[in-house]
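The following account moves from the chain as a whole to individual residues. Please keep the sequence and the model in view while reading.

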Amino acid sequence: ELTSLLGNISHIDDKPFAHLHGTFGTRDFQTLSGHLTKAVVSATAEIVIQMTNLDVNRTHDEETGLNLLRP
């Protein structure tokens, strides 16, 4: 079961990029969490996306090797 999903959707090279963190419950009542890169929903998922007027982009940072947010 999906118990939490947080993150943001920005752009890299004008393409949408989702940076998501998820927490999931297992059948034996444990939780697993981490970066969500792919998922399959079997019935429904209750997801709310809050839009802003900001155009948030990510660009590659040579020093860290990461795609960092650049508002």
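Strands in this account are DSSP runs of E with at least two residues, and helices are runs of H or I with at least four; both are numbered from the N terminus. The model discussed here is predicted.

By these criteria the protein chain contains five strands and zero helices. Read from the N terminus, its elements follow the order β-β-β-β-β. The overall dimensions depart from those of a compact globule: for 71 residues such a globule would have a radius of gyration near 11 Å, whereas the protein chain has 15 Å. Along the principal axes, the C-alpha atoms occupy a box of roughly 45 × 30 × 15 Å. Of the 71 residues, 8% are buried. Among contacts with a separation of 6 or more, 21% are between residues 24 or more positions apart.

The N-terminal part of the chain is a suitable place to begin. Strand S1, residues 2-12, runs antiparallel to strand S2, residues 15-25, and ten bridges join the two. Together S1 and S2 form a hairpin with two residues between them. At this end of the pairing, Ile12 stands opposite Lys15 of S2. The turn includes Asp13, whose phi is positive, at about 55°. Asp13 belongs to the loop between S1 and S2. Is Asp13 buried or exposed? Its relative accessibility is 67%, and exposure requires a value over 50%, so Asp13 counts as exposed. From Asp13 to Asn53 the C-alpha separation is 19 Å, with their positions 40 residues apart in sequence.

The loop between S3 and S4 supplies two further residues for inspection. Met51 is located in this loop, and its relative accessibility of 69% places it in the exposed class. Its C-alpha atom is 16 Å from that of Leu69, a residue 18 positions away in sequence. Leu54 also lies in the loop between S3, residues 31-36, and S4. Leu54 is likewise exposed, at 62% relative accessibility. The C-alpha atoms of Leu54 and Pro71 are 7.2 Å apart, although 17 residues separate them along the chain.

Attention now turns to strand S4, residues 57-60, which contains Arg58. With which residues is Arg58 in touch, beyond those up to four places away in sequence? They are Asn8, Ser10, His11, Ile12, Phe17, His19, Asn67, Leu68 and Leu69. One of these, Asn8, also makes a polar contact of 3.4 Å with Arg58, side chain to side chain. Arg58 is buried but has no salt bridge. Where is the nearest side chain of opposite charge to Arg58? That side chain belongs to Asp61, at a distance of 11 Å. A salt bridge requires a separation within 4 Å, so a distance of 11 Å does not qualify.

Asp61 itself is found in the loop between S4 and S5, the latter spanning residues 67-70. The relative accessible area of Asp61 is 17%, and the limit for burial is under 20%, so Asp61 counts as buried. Leaving aside residues up to four places away in sequence, Asp61 touches Leu66, Leu68 and Arg70. Leu68 is also in the list of residues that Arg58 touches.

Key
Residues are numbered from 1 along each chain as its sequence is written. This is a predicted model: local features need pLDDT of at least 70, side-chain atom pairs count only at pLDDT 80 or more; totals for chains, interfaces and linings use all residues. Side-chain values use heavy atoms; hydrogens and water are left out. Buried means under 20% relative accessible area, exposed over 50%, partly exposed in between (1.4 Å probe, protein chains only). Lys and Arg count as positive and Asp and Glu as negative; His and the chain ends are not counted. A polar contact is a pair of N or O atoms within 3.5 Å; within protein, one must be able to donate a hydrogen and the other to accept it, and residues adjacent in sequence count only if both atoms are side-chain atoms. Contact means heavy atoms within 4.5 Å. Two strands pair if DSSP finds at least two bridges between them. The radius of gyration is taken over C-alpha atoms; the globule rule is 2.2 Å times the number of residues to the power 0.38.
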